[in-house]
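User: I should like a close look at a single part of this structure, with its surroundings explained in terms that a first-year student can follow.

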Amino acid sequence: MDIYDLIVDELFKKKSLAALMFLIDGGRELELAFDGCEYFISQSGSAKYVSLWQSNVAESEQSFESTYELICNAVINGKAFTEVWKSAEPKFLL
């Protein structure tokens with residue numbers, strides 16, 4: 001297993017925020033499900049550096065200057081991202 005695969009494994013098995021930052025900063029896009037809703041994290045199309053959008057909800061973009069800032073300040077369904085991340089179901093978009 002190469003280092004990239006180890007980091008991906010760390011993201012999905014351990015829910016590592018460091019792995020999330022590394023992969024998003026490397027250009028990966030991530031979808032996550034929480035409480036029956038789907039969310040999307042990407043640099044592509046972001047008003048700043050990286051954004052979190054709620055799928056199928058117009059004007060839901062939360063944009064941030066860094067992935068670290070997104071992790072610290074994003075809100076999902078009225079809850080802090082770090083609180084939601086523990087129980088969210090992430091997956092990479094192809």
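Analyst: What follows is an account of helix 1 and of the sheet on which helix 1 packs.

This is a predicted model, in which local features need pLDDT of at least 70 and side-chain atom pairs count only at pLDDT 80 or more, while totals for chains, interfaces and linings use all residues. Residues are numbered from 1 along each chain as its sequence is written, and side-chain values use heavy atoms, with hydrogens and water left out.

Helix 1 covers residues 3-14. Helices (H or I, at least four residues) and strands (E, at least two) are DSSP runs, numbered from the N terminus. From first C-alpha to last, the 12 residues of helix 1 reach 16 Å, close to the 16 Å expected at 1.5 Å a residue; the expected span is 1.5 Å times one less than the number of residues.

Ile 7, Val 8 and Leu 11 are the buried residues of helix 1. Buried means under 20% relative accessible area, exposed over 50%, and partly exposed in between, with a 1.4 Å probe and protein chains only. Seen down the axis of helix 1, these buried residues fall within an arc of 100°, so they line one face of the helix; the arc is that of the directions from the helix axis to the C-beta atoms. The face turned away from the buried side carries the exposed residues Ile 3, Lys 13 and Lys 14. Just after helix 1, Lys 15 takes a positive phi of about 55°.

What covers the buried residues of helix 1 includes helix 2 (17-25), strand 1, helix 4 (81-85) and strand 7; contact means heavy atoms within 4.5 Å.

Strands 1 and 7 belong to an open sheet of five strands in the order 4-3-2-1-7, with antiparallel pairing. Two strands pair if DSSP finds at least two bridges between them. Strand 4 (62-64) and strand 7 are the edge strands, each pairing on one side only. On average, neighbouring strands of this sheet are turned by 20° against each other, direction ignored. Helix 1 packs on this sheet by touching strand 1 and strand 7, and its direction makes about 155° with that of strand 7. Axes are lines fitted to C-alpha atoms, for helices over the stretch in contact, and angles run from 0 to 180 degrees between N-to-C directions.

Strand 1 (residues 30-34) pairs with strand 7 in the antiparallel sense over four bridges, and Leu 30 stands opposite Phe 92 in strand 7. Strand 7 (residues 89-92) has Pro 90 and Phe 92 on its covered face, and Glu 89 and Lys 91 on the uncovered one.
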